[in-house]
Amino acid sequence: MSYNIGLVGKPSVGKSTFFNAATMNDVPEGAYPFTTIDPAIGEAYVRVDCAAPEFDESCTPDTGYCREGTRYVPTKLVDVAGLVPGAHEGRGLGNQFLTDLNETDVLVHVVDFSGETDLEGEPTEDHDPRDDIDFLENELDQWYVGILETGIEKFQNRYQAKDDHSIEIELADQMSAFGTNKDEIKQIILALDLELDPETWDDDDRDALAREIRKRTKPMVVAANKMDTPAAQENWDEITDDPDYDHLQFVPVSAHAEKALKNAAEQGVVDYHAGDDDFEIVADISDEQEEGLEQIREFVTTFGGTGVQQAIEAALFDELGVIAVFPGGAEAMGDEQGRVMRDCFLLPGGSTTSDFAYHLHSDIGDGLLHGLNCRTKRQMGGDTELDHREVVELVTTN
């Protein structure tokens, strides 16, 4: 599992419920601040249309599972401690929160769209979810500003010592934990119409630079939780129409509904799988239970699902641009144990045949001769960019 999705947000918004619903783990849930202190890590899944049926085969996955032509590919979900204003200065569990974020590739910000919790995670009424969105982005931005300032200070010390070092190299070194590099840093600086000289930057320039680096290295999806309430649906219309938030992707979510459906499925009450936009009641239940399930059905049919699965997939596929690649060839279509297309790998968008080979093993990459598109039977060079759901046979001397 090569990607980590971080669940972030203030306390008491349903982060732990979202995490449990996605992973079917059992971390504590509670309507009080800092239910989560240490980060919880679990296995979630993203859906990919399985390629095996195109080859008249049924796959036998080594990891994840396949259901009716849909492959559920594992990824990691990290539920980190709730964030409160001032976290970048160490308030609350801020330092631990920000350290935990270093281990994540993309963020899902769980926001209570019902407006029933204030910025501290305490019960209230008519709270504006925009305040939550703004404060979290600001906390992350200020975190980045602090690291950026350290990089600028190091660059200036090197400059005074007549050390041959460019600002983009220094900032890339300082911010390497975020997965950036000097070329990306330089591109961002120039895109903001800034000079490659921090002496010419004022405070607003530094804030803008930190924010842009944060947006590129920690992309974010907003999971609008508790959308099964009227207040949340009213807030949804206002916020998603607000141009100040055009840079964010919003997904309507009811983590409670997802957890309830998965629990019911485990008990044999309903036929439901993660991401479905409807379900079937398959057991005799009380009128009260049926009424509760029908309320959930109204939500999932209206919004196309509970939103938990959709938010995870939006984070990986939309924000990160991840692609799924299947190894092909004779062995993949049936090895000595009869296993078929047992692997499906998640790779960065823009990955090439060579990248895929090295992802599998350095020896395979070192010995790569070429790839073969298993659908078209056409040869693929090492620099051929792969498509989502590509099925590739690698021809290698190793």
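**A walk through the predicted chain**

F299 and F303 both sit in helix α9, which spans residues 287-303. They are four residues apart, about one turn of the helix. The model is predicted. In it, the two rings form a tilted aromatic pair. Their centres are 4.8 Å apart, and the planes make an angle of 35°. A pair of aromatic rings is described by exactly these two quantities, the distance of the centres and the angle of the planes. The two partners have their own levels of exposure. F299 is buried, at a relative accessible area of 5%. F303 is partly exposed, at 28%. The aromatic pairs number ten. Elsewhere, Y45, Y65 and Y72 make up one aromatic cluster.

Now the chain as a whole. It has twelve helices and 14 strands. Of its 398 residues, 49% are buried. Its accessible surface comes to about 18,300 Å². Carbon and sulfur atoms account for 42% of that surface. Contacts can also be sorted by sequence separation. Take those between residues at least 6 apart in sequence: 68% of them join residues at least 24 apart.

Next, a sheet. Five strands form an open sheet with mixed pairing. The order is β11-β10-β14-β12-β13. Strands of a sheet pair through backbone hydrogen bonds, either parallel or antiparallel. Which strands form the edges? They are β11 (345-347) and β13 (379-380), and each pairs on one side only.

Follow the pairings inward from β13. Strand β12 covers residues 368-373 and pairs with β13 in the antiparallel sense, over two bridges. Here G371 has M380 in β13 as its bridge partner. β12 also pairs with β14, again in the antiparallel sense, over five bridges. On the β14 side, V395 stands opposite H370. Then the sense changes. β14 and β10 pair in the parallel sense, over three bridges. V325 has E390 in β14 as its bridge partner.

A helix lies across this sheet. Helix α11 (residues 353-360) lies across β10 (323-327), β11, β12, β13 and β14 (390-396). It runs at about 125° to β11.

The loop between β10 and β11 holds M341. Phi of M341 is near 40°, a positive value in a residue other than glycine. Is M341 buried or exposed? M341 counts as buried, because its relative accessibility is 1%. D56 also has a positive phi, near 55°, and is likewise a residue other than glycine. D56 lies in the loop between β2 (40-49) and β3 (65-67). Its relative accessible area is 73%, so D56 is exposed. The two loop residues thus stand on opposite sides of the burial scale: M341 is buried, whereas D56 is exposed.

Turn to the cysteines. How many disulfides does the structure hold? The count is zero. C50 is in no disulfide; the nearest cysteine sulfur belongs to C59, 3.6 Å away. C59 is in no disulfide either, and its nearest cysteine sulfur is that of C66, at 3.5 Å. Why do these sulfurs not count as bonded? A disulfide needs the two sulfur atoms within 2.5 Å. The distance from C50 to C59 is 3.6 Å, so this pair does not meet the cut-off of 2.5 Å. The distance from C59 to C66 is 3.5 Å, so this pair does not meet it either. Both C50 and C59 are covered by the protein. C50 is buried, with a relative accessible area of 5%. C59 counts as buried at 15%.

One more residue closes the tour. R206 lies in helix α6, which spans residues 203-217. Is this arginine buried or exposed? R206 counts as buried, because its relative accessibility is 14%, under the 20% cut-off. What does R206 touch, leaving aside residues up to four places away in sequence? The contacts are V145, L148, E149, I152, Q156, P198 and W201.

Methods:
Residues numbered from 1 in each chain as written. Predicted model: local features only at pLDDT ≥ 70, side-chain atom pairs only at ≥ 80, totals over all residues. Heavy atoms only, no water. Buried < 20%, exposed > 50% of the residue type's maximum accessible area, 1.4 Å probe, protein only. Contact = heavy atoms within 4.5 Å. Areas by Shrake-Rupley, 256 points an atom, 1.4 Å probe, with all protein chains shown as cover. Pairing = 2+ DSSP bridges. Axes fitted to C-alpha atoms, helices over the stretch in contact; angles between N-to-C directions. Phe/Tyr/Trp six-rings, centres within 6.5 Å; stacked < 30°, edge-to-face > 60°.
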